[in-house]
Amino acid sequence: MQSKTRKTKVTKVTSFLLVVIGLALYLFINEPQTVYGMHIMEGFLPVGWAIFWWAAFLPFFFLGVRALIKITKEHPELKIMLGLAGAFTFVLSALKIPSVTGSSSHPTGTGLGAVMFGPLPMSVLGSIVLLFQAVLLAHGGLTTLGANAFSMALSGPVIGYFIYKSMMKTTGKQKWSIFLAAALADLSTYIVTSVQLALAFPAEQGGFIASFLKFGGIFAITQIPLAISEGILTVLIWNWLQSYSPKELSILQRKMKGASEL
């Protein structure tokens, strides 16, 4: 009995160390070489577009607040998982790799929370992360917070959530579903950001399409490998959660369907 318990502890410690090593390698490989990159920066968008993206995002934010209240009231034991989802998003999205004038490439970390809780709670967690980064780290801005939140805290989680649901329904392969959900939540954030920048700054020749292809092409150089690496890291974190928080994951899988729906 003691031998079995000891083996279980060794397995858990080994799993934890692998996650730590994986995260450390991820941070080392993707460490930005300058601190000048950021989300769409303060004052970069014309006033009209800044207001538009605020108006487009806020309804989903309030729906997300309602979803979070429901989750914490019905399942208070999941608060620590909500904190984990928020912390994961904060750490990954704080890595800045300059990509184009006025913006940057970086992991988003929203796929994990979208898989666990759905897109609406992530609209709140993601926007809080973006607010902290704008105020404390000078990454992004307050006037552009609506645009940044729409792309990272809303669009990415929505895409990731539906990719996960579709993959699970068609294949039933959870790890692959999580990988694709995280990777495409990351990549879709930059597609939306490219749309936002192209709408605000259409090219003199070619208009919106030419500008979108320009911004999207530059983003893709750094974002595709980042999206793949984020997908792998998210699967590693999920494996760790299965080892250390099986009870909470069981609650999520059995009881969170209603709270995860749009």
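Helices here are DSSP runs of H or I with at least four residues, numbered from the N terminus. The model is predicted.

**Exercise 1. Aromatic pair in α2**

Task: Classify the ring pair Trp-49 and Phe-52, and state how many residues apart the two lie in helix α2.

Solution.
- Start with the sequence. Trp-49 and Phe-52 are three residues apart in helix α2, so about one helical turn separates them.
- Take the ring centres next. They are 5.4 Å apart for Trp-49 and Phe-52, and the cut-off for a pair is within 6.5 Å.
- Then take the planes. They stand at 85°, so Trp-49 and Phe-52 form an edge-to-face pair; the cut-off for that class is over 60 degrees.
- Check the cover. Trp-49 has 26% relative accessibility and counts as partly exposed. Phe-52, at 42%, is partly exposed too.
- Widen the view. Trp-49 and Phe-52 join Trp-53 and Phe-150 in one aromatic cluster.

**Exercise 2. A pair between loops**

Task: The whole structure holds 11 aromatic pairs. Classify the one formed by Phe-44 and Phe-201, and locate both residues.

Solution.
- The ring centres of Phe-44 and Phe-201 lie 5.1 Å apart, with the planes at 55°, so this pair is tilted.
- Now locate the partners. Phe-44 sits in the loop between α1 (2-29) and α2 (47-74). Phe-201 sits in the loop between α7 (174-200) and α8 (207-244).
- The two are 157 residues apart, so the pair links distant parts of the chain.
- Phe-201 has a relative accessible area of 32%, which makes it partly exposed.

**Exercise 3. Helix α5: length and cover**

Task: Compare the span expected for helix α5 with its end-to-end distance, then describe its cover.

Solution.
- Helix α5 covers residues 119-136, which is 18 residues.
- At 1.5 Å a residue it should span 26 Å. Multiply by one less than the number of residues.
- The end C-alpha atoms are 25 Å apart, which agrees.
- Now the cover. Of the 18 residues of α5, 13 are buried, so the helix is mostly covered.
- Phe-132 belongs to α5. At 44% relative accessibility, Phe-132 counts as partly exposed.
- Phe-132 is also part of a nonpolar surface patch with Ile-128, Leu-131, Val-135, Leu-136, Leu-137 and Leu-142. Together these residues have about 640 Å² of accessible area.
- After the helix comes Ala-138, with a positive phi near 60°.

**Exercise 4. Met-116 in α4**

Task: Is Met-116 buried or exposed, and how far is its C-alpha from that of Met-81?

Solution.
- Met-116 lies in helix α4 (residues 110-117).
- Its relative accessible area is 3%, so Met-116 is buried. The cut-off is under 20%.
- Met-116 and Met-81 are 35 residues apart in sequence. Their C-alpha atoms are 8.5 Å apart in space.

**Exercise 5. The chain and its record**

Task: Give the order of elements, then examine the UniProt segments 176-200 and 212-241.

Solution.
- The protein chain has 10 helices and two strands.
- From the N terminus, the order is α-α-α-β-β-α-α-α-α-α-α-α.
- Of its 262 residues, 48% count as buried.
- The unreviewed UniProt entry places "transmembrane region" at 12-29, 49-69, 81-100, 145-164, 176-200 and 212-241.
- Residues 176-200 are 100% helix and 0% strand, with end C-alpha atoms 36 Å apart.
- Residues 212-241 are likewise 100% helix and 0% strand, with end C-alpha atoms 38 Å apart.

Note on methods:
Residues are numbered from 1 along each chain as its sequence is written. This is a predicted model: local features need pLDDT of at least 70, side-chain atom pairs count only at pLDDT 80 or more; totals for chains, interfaces and linings use all residues. Side-chain values use heavy atoms; hydrogens and water are left out. Buried means under 20% relative accessible area, exposed over 50%, partly exposed in between (1.4 Å probe, protein chains only). UniProt positions are given in the numbering used here, feature names are shortened, and annotations may be inferred rather than shown by experiment. Patches are made of residues with over 30% relative accessible area and no salt bridge: like charges are joined within 9 Å, nonpolar side chains (Val, Leu, Ile, Met, Phe, Trp, Tyr) within 5 Å. Accessible areas come from the Shrake-Rupley method with a 1.4 Å probe; for residues, only the protein chains shown count as cover. A salt bridge is a side-chain nitrogen of Lys or Arg within 4 Å of a carboxyl oxygen of Asp or Glu. Rings of Phe, Tyr and Trp (its six-membered ring) pair if their centres lie within 6.5 Å; planes under 30 degrees apart count as stacked, over 60 as edge-to-face and the rest as tilted.
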